[in-house]
Amino acid sequence: MWHGVPVIGSDSGAIPEVVGCAGIIVPENEPRALAEAVGRVLFDDGLRNGLARLGRQRAQEELSMDAMATRLAALYRRILGG
C-alpha cells in the first residue's frame, strides 16, 4: 500500500483489519474470487487508481512508524493513567 500498489488480500487473520477499505478482500482458499479481484484491478482504471490512492493514504495515516508510535504512546498513557 505504501508504494501505491492496489492490495488484494484474503479474509484470513488480521489481513482485513490491516487493509481496511483501501483494498479488496476475498475469501481465503477461493481462487476464483482472487482471479476476479485481480481482473477487476487490472481492467478498471478507476478502481485501480482509487485503491492505490486509498492504500497510500492508509499506509501513511494508519500504518506508518509515526502513526504506530503515536498510538502506542497513547496506549501507555492510558495504562499508566496519565
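This is a short talk on helix packing, nonpolar cores, salt bridges and one unusual backbone angle in a predicted model.

Thanks for coming, everyone. Please keep in mind throughout that we are looking at a prediction.

Let me start with the helices. Two packed helices are described by the angle between their axes and the distance between the axes. Take helix H2, residues 31-43, and helix H3, residues 45-63: their axes come within 5 Å and cross at roughly 95°. That angle falls in the 65 to 115 degree range, and H2 and H3 are therefore roughly perpendicular to each other. Which residues in H2 and H3 meet? On the H2 side we have Arg40, Val41, Leu42 and Phe43, and on the H3 side Asp45, Leu47, Arg48 and Leu51. If you sort the residues of this H2 with H3 contact by class, you get five nonpolar, three charged and no polar.

Two of those H3 residues deserve another look. Arg48 and Asp45 are joined through their side chains in a salt bridge, with N to O at 2.3 Å. They both sit in helix H3, three residues apart, which is about one turn of the helix. Are they buried or exposed? Arg48 counts as partly exposed, at 24% relative accessibility, and Asp45 is also in the partly exposed class, at 45%.

Now follow H3 along to helix H4, residues 65-80. The axes of H3 and H4 come within 5 Å and cross at roughly 35°. Here Gln60, Glu61, Glu62 and Leu63 of H3 meet Met65, Ala67, Met68 and Arg71 of H4. By class, this contact of H3 with H4 has four nonpolar, three charged and one polar residue.

How many salt bridges does the structure hold? It holds two. You have met Arg48 with Asp45, and there is also Glu62 with Arg71, whose closest N and O atoms are 3.7 Å apart. Glu62 has 34% relative accessibility and counts as partly exposed. Arg71, with a relative accessible area of 42%, is partly exposed as well.

While we are in this region, a word on Leu63, which is in helix H3. With 27% relative accessibility, Leu63 counts as partly exposed. Apart from its neighbours within four places in sequence, Leu63 is in contact with Met1, Val18, Arg58 and Met68. For a sense of distance, Leu63 and Ala22 are 41 residues apart in sequence, and their C-alpha atoms are 12 Å apart in space.

On to the cores. In soluble globular proteins, nonpolar side chains tend to be buried together. In our model, which residues make up the largest nonpolar core? There are six in all: Ile24, Val26, Ala33, Ala37, Val41 and Leu51. Strand E2, residues 23-26, and H2 each supply at least two residues of this core, and H2 gives the most, with three. Some of these names are familiar, since Val41 and Leu51 also appear where H2 meets H3.

Val26 is a good residue to click on. Leaving aside its neighbours within four places in sequence, Val26 is in contact with Ile8, Gly9, Ser10 and Asp11, and also with Ala33, Leu34 and Ala37. There is also a second, separate core of five residues, including Met1, Val7, Val19 and Ala22. Met1 came up a moment ago as a contact of Leu63.

Last stop: Asn29, in the loop between E2 and H2. Most residues other than glycine have a negative phi, and most peptide bonds are trans. What is the phi of Asn29? It is near 60°, a positive value in a residue other than glycine. Asn29 is exposed, with a relative accessible area of 71%. The C-alpha atoms of Asn29 and Ser10 are separated by 8.2 Å, with the two residues 19 apart along the chain. Ser10, you may recall, is also one of the contacts of Val26.

That is my tour, and I'm happy to rotate the model for anyone who wants another look.

How values were computed
Residues are numbered from 1 along each chain as its sequence is written. This is a predicted model: local features need pLDDT of at least 70, side-chain atom pairs count only at pLDDT 80 or more; totals for chains, interfaces and linings use all residues. Side-chain values use heavy atoms; hydrogens and water are left out. Axes are lines fitted to C-alpha atoms, for helices over the stretch in contact, and angles run from 0 to 180 degrees between N-to-C directions. Helices (H or I, at least four residues) and strands (E, at least two) are DSSP runs, numbered from the N terminus. Angles under 35 degrees count as roughly parallel, over 145 as roughly antiparallel, 65 to 115 as roughly perpendicular and the rest as oblique. Contact means heavy atoms within 4.5 Å. Ala, Val, Leu, Ile, Met, Phe, Trp, Tyr, Cys and Pro count as nonpolar, Asp, Glu, Lys and Arg as charged, and the others, Gly among them, as polar. Buried means under 20% relative accessible area, exposed over 50%, partly exposed in between (1.4 Å probe, protein chains only). A salt bridge is a side-chain nitrogen of Lys or Arg within 4 Å of a carboxyl oxygen of Asp or Glu. A nonpolar core is a set of buried Ala, Val, Leu, Ile, Met, Phe, Trp, Tyr and Cys residues joined through side-chain atoms within 4.5 Å.
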